[in-house]
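Open the model in your viewer and keep the selection box at hand. We will go stop by stop.

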Amino acid sequence: MSVVIGIDVGGSTTKIVGYRADGKLVSMQKVEAADPLTSAYGALGKFINENNLSLKDVTQIILTGVGSSLFKKDIYGIPTSGVDEFAAIGLGGLALSGKKEGLIVSMGTGTAFVRAGKEGIVHIGGSGVGGGTVLGLCGKMCGASSFRTVVEMSQGGKLSHVDLNIEDISKGVIPTLPPETTASNFGKMEDGATPQDITLGILNMTFQTIGMMAVFACRNDAVKDVILTGTLSQVPYAKRVFDALQKMHKVNFIIPKNAIYATATGAALSFLQKKEKNKK
């Protein structure tokens, strides 16, 4: 079997995606380790073992992500190259969503906004608000140091104890803003607010900030499909926030299946697409 592997090398979490030469998906996996090098080598070893492959079955490795620059030579003697992370985000987001054009929002430690379509792939900007924001604030304020803990704690929280809504400051009707619309994140911090309330408030603030940036990016664009990828896309509360923003702003938010593997998928597909073009 001839397999092309895309690896998205993060700070401690690495995602790996493998495709056969005919474009058929082999599998998707992730590995966590103390450093990027250990994580990437561990991911490759796990992928080969669990798919009953050998090193000779892997014909090409394509690296991307913040940790990819640490690799200075071929991995285990397998031809290894790199691809721009934003290009990988664009390709992977479109592939997983089945869309031909869209705004791909990669919600990792920070957040990247990539416009992808028939005219190419362009990184239009980014934000420091992302998963790192959630873990940093929740860790310091609530003692939640992992996404699992953050999710569990947030399920018992109430936004009404921390956020100021339109209905809290105005009894009149505002046609474009439902009463439950957030007027100020953490603008109504009650003395009795619990760690659960604060954790939910942090998640809400993060997703609303990312979502509104995506809405603004689509304002002067004919494309209204926003494809959400990255680790934060898997937090259950994300869908609730993005569904509300979709209703308010007529932007189509999409969380595709396997969204956390979008960048690794794009890395692998970048090689397969280039190979196909060279044949022509």
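**Stop 1: an aromatic pair**

Select Phe 242 and Phe 253: both are buried, meaning under 20% relative accessible area, with exposed meaning over 50% and partly exposed in between, for a 1.4 Å probe and protein chains only. This is a predicted model, where local features need pLDDT of at least 70 and side-chain atom pairs count only at pLDDT 80 or more, while totals for chains, interfaces and linings use all residues. Residues are numbered from 1 along each chain as its sequence is written, and side-chain values use heavy atoms, with hydrogens and water left out.

Rings of Phe, Tyr and Trp (its six-membered ring) pair if their centres lie within 6.5 Å; planes under 30 degrees apart are stacked, over 60 edge-to-face, and the rest tilted. By this rule there are four aromatic pairs. One of them joins Phe 242 and Phe 253, and it is tilted, with 5.0 Å centre to centre and 35° between the planes. Phe 242 sits in helix H7 and Phe 253 in strand S12 (residues 252-254), eleven residues apart. Helices (H or I, at least four residues) and strands (E, at least two) are DSSP runs, numbered from the N terminus.

Now select Tyr 41, Phe 71 and Tyr 76. They form one aromatic cluster.

**Stop 2: the two sides of H4**

Show residues 147-154, helix H4. Which residues are buried here? Val 150, Val 151, Met 153 and Ser 154 are. They lie on the same side of H4, because they cover an arc of only 170° around the axis, taken from the directions from the helix axis to the C-beta atoms. Turn to the face away from that buried side: Arg 148 and Glu 152 are exposed there.

What covers the buried residues? The cover includes helices H3 (131-142), H6 (195-218) and H7 (236-249).

**Stop 3: two buried residues**

Go to Asn 204, in helix H6. Its relative accessible area is 2%, so Asn 204 is buried. Leaving out residues up to four places away in sequence, Asn 204 touches Leu 159, Asp 163, Thr 182, Asn 185, Tyr 237 and Val 241; contact means heavy atoms within 4.5 Å.

Next, pick Pro 36, in helix H1 (residues 36-50). Pro 36 counts as buried because its relative accessibility is 15%. With the residues up to four places away in sequence not counted, Pro 36 touches Val 9, Gly 10, Gly 11, Thr 14, Gly 67, Leu 70 and Phe 71.

**Stop 4: the pockets**

On a 1 Å grid over the protein atoms alone, a pocket is an open set of points with protein on both sides within 12 Å along at least five of seven lines, and lining residues have an atom within 4 Å of a point.

Select Thr 13, Lys 15, Gly 108, Thr 109 and Thr 231: of the 36 residues lining the largest pocket, these lie nearest its centre. The space in this pocket is about 880 Å³. Its lining has twelve nonpolar, 19 polar and five charged residues.

Move to the second largest pocket, with a volume of about 520 Å³. Its lining has 20 residues, and Glu 180, Thr 181, Thr 182, Gln 208 and Ala 244 lie nearest the centre. H7 gives the largest share of this lining, eight residues.

Definitions and conventions: On a 1 Å grid over the protein atoms alone, a cavity is a set of points where a 1.4 Å probe fits but cannot get out, and a pocket is an open set with protein on both sides within 12 Å along at least five of seven lines; lining residues have an atom within 4 Å of a point. Grid points are joined across faces, edges and corners, and a volume is the space filled by probe spheres set on the points. Ala, Val, Leu, Ile, Met, Phe, Trp, Tyr, Cys and Pro count as nonpolar, Asp, Glu, Lys and Arg as charged, and the others, Gly among them, as polar.
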